[in-house]
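Reader: I would like a close look at a single part of this model, namely the surroundings of the ligand, and then a sense of how that part sits within the rest of the chain. Please take it step by step.

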Amino acid sequence: MSNNIKYYNKNFDKYIKESINADMSLLYNEFEKYLKKNASILDLGCGSGRDSLYFSNKGFNVTSLDGSIKMIDYLKSKLKNEIVFSVFEEYKTEKKFDGIWACASLLHVKKENMKDIILKYIDLLSINGIFFMSFKLRNKDFEKDGRVFTCFSEDSFKILLSEFLNIEIIKIIVTNDVRRNRENEKWISVIIKRIK
Ligand SMILES: C[S@@+](CC[C@H](N)C(=O)[O-])C[C@H]1O[C@@H](n2cnc3c(N)ncnc32)[C@H](O)[C@@H]1O
C-alpha cells in the first residue's frame with residue numbers, strides 16, 4: 001500500500017471534515033456544461049464523496065472510486081451510486097465514461113507515472129468524453145506527511161498534454177483554494193476532451 005493511501009486511511013475523518021464543505025460550484029459548472037443529462041461520470045479519487053453526491057443529485061450516473069478503504073466504508077453509508085475500491089493503477093472495467101472527474105486526486109501519482117495513468121483514463125472515456133483534473137499550481141513537486149504531491153504550472157501541464165494525440169484542451173482554469181485558511185494555495189484545473 002502506498003504512503004498516500006496509508007495517510008488517507010489514517011486521517012480519513014480529518015480529511016473529510018476539511019474538504020466536505022468546499023464550494024466547488026465554479027468547477028462543477030465548467031465540467032457539467034459539456035455533459036448530457038444522465039451522462040456517466042467516474043469520480044476518480046472521490047475522497048469524501050462530496051462531488052459524487054452532487055453529480056448524483058443532478059441525475060448523472062456516477063461511479064465513485066477510491067483506494068482508501070476507510071473512505072470507501074464512509075462512502076457506503078452515504079452514497080447510493082456504484083462505489084469501487086481500487087487504486088488508479090489497478091482499476092479495470094469494460095465501461096466507457098462520458099466524464100471523468102479527478103479533483104485533487106491524480107496529484108498523488110508520481111510524475112514519472114503521470115503520463116501512463118492519464119492515458120489509461122483517457123482510454124476509459126467515450127469519444128467526445130470530458131476529463132477534468134486538478135493539481136496544485138506549483139513549479140516543484142513536494143512531499144508532506146508521507147504523501148507525494150505532483151504539481152504543475154500551466155506550461156508544464158501543456159507540455160504533458162502535448163504527448164496525447166487523441167485529446168483537445170477545452171479549458172485551463174487557475175483558482176484559489178476554497179478551503180478556509182488555504183486561500184493562498186493556487187490550483188490548476190484542466191478540462192480535456194477525447195476526440196478519437
Ligand atoms: C486530496 S484527496 C481528494 C478527494 C476528493 N476528490 C476531493 O476533492 O475532496 C485524494 C483522494 O485520492 C485517493 N487516492 C490517492 N491515491 C490514490 C490511488 N493511487 N488510487 C486511488 N485513490 C487514490 C485518496 O484516498 C483520497 O481520497
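Author: What follows begins with the ligand shell, moves to one residue and its contacts, and then turns to the cores and the backbone.

The model is a predicted one, and the part you ask about is a shell of 19 residues around the ligand, among which Gly 45, Gly 47, Gly 67, Ser 68 and Val 87 come nearest. Sorted by class, this shell holds 8 nonpolar, 9 polar and 2 charged residues. The element that gives the most to the shell is helix H1, which covers residues 3–19 and supplies 4 residues.

A useful residue to follow from here is Met 71, which lies in helix H4, residues 69–76. Met 71 counts as buried because 24 other C-beta atoms lie within 10 Å, where the cut-off for a buried residue is 20 or more. Once its neighbours within four places in sequence are left aside, Met 71 is in contact with Tyr 8, Phe 12, Gly 47 and Asp 66. Of these partners, Gly 47 is also one of the residues that come nearest to the ligand. Phe 152, by contrast, is 81 residues from Met 71 along the chain, and the C-alpha atoms of the two are separated by 26 Å.

The wider setting is a chain with 6 helices and 9 strands. Its 196 residues give a radius of gyration of 15 Å, which agrees with the value near 16 Å for a compact globule of that length, and the C-alpha trace spans about 40 × 40 × 30 Å along its principal axes. Of the residues of the chain, 32% count as buried. Among contacts between residues at least 6 apart in sequence, 64% join residues at least 24 apart.

The largest nonpolar core of the chain has 35 residues, and those with the most contacts inside this core are Ile 41, Leu 44, Ile 100, Trp 101, Ala 102, Phe 131 and Phe 132. Among the elements that give two or more residues to this core are helix H2 (25–32), strand S1 (40–44), strand S4 (97–102) and helix H5 (111–123), while S5 gives the most, with 6 residues. Ile 100 shows how this core is joined: leaving aside neighbours within four places in sequence, Ile 100 is in contact with Leu 42, Leu 44, Tyr 121, Leu 124, Leu 125, Phe 131 and Phe 132. Apart from this core lies another, of 6 residues, among them Tyr 8, Phe 12, Leu 75 and Ile 83, and Tyr 8 and Phe 12 are the residues already met as contacts of Met 71.

Helix H3, residues 50–57, has Asp 51, Ser 52, Leu 53 and Phe 55 buried, and the buried residues of H3 pack against S1, S2 and S4. Just after H3, Gly 59 takes a positive phi of about 95 degrees.

Most residues other than glycine have a negative phi. Two asparagines depart from that pattern. Asn 38, in the loop between H2 and S1, has a positive phi near 65 degrees, and Asn 38 is exposed, with 10 other C-beta atoms within 10 Å. Asn 128 belongs to strand S5 and has a positive phi of about 75 degrees; with 13 other C-beta atoms within 10 Å, Asn 128 counts as partly exposed.

How values were computed: Residues are numbered from 1 along each chain as its sequence is written. This is a predicted model: local features need pLDDT of at least 70, side-chain atom pairs count only at pLDDT 80 or more; totals for chains, interfaces and linings use all residues. A residue is near a molecule or strand if its C-beta atom, placed from the backbone, lies within 6 Å of it. Ala, Val, Leu, Ile, Met, Phe, Trp, Tyr, Cys and Pro count as nonpolar, Asp, Glu, Lys and Arg as charged, and the others, Gly among them, as polar. A residue is buried if 20 or more other C-beta atoms lie within 10 Å of its own, exposed if 12 or fewer, and partly exposed in between; C-beta atoms are placed from the backbone. Two residues are in contact if their C-beta atoms, placed from the backbone, lie within 7 Å. The radius of gyration is taken over C-alpha atoms; the globule rule is 2.2 Å times the number of residues to the power 0.38. A nonpolar core is a set of buried Ala, Val, Leu, Ile, Met, Phe, Trp, Tyr and Cys residues joined through C-beta atoms within 7 Å.
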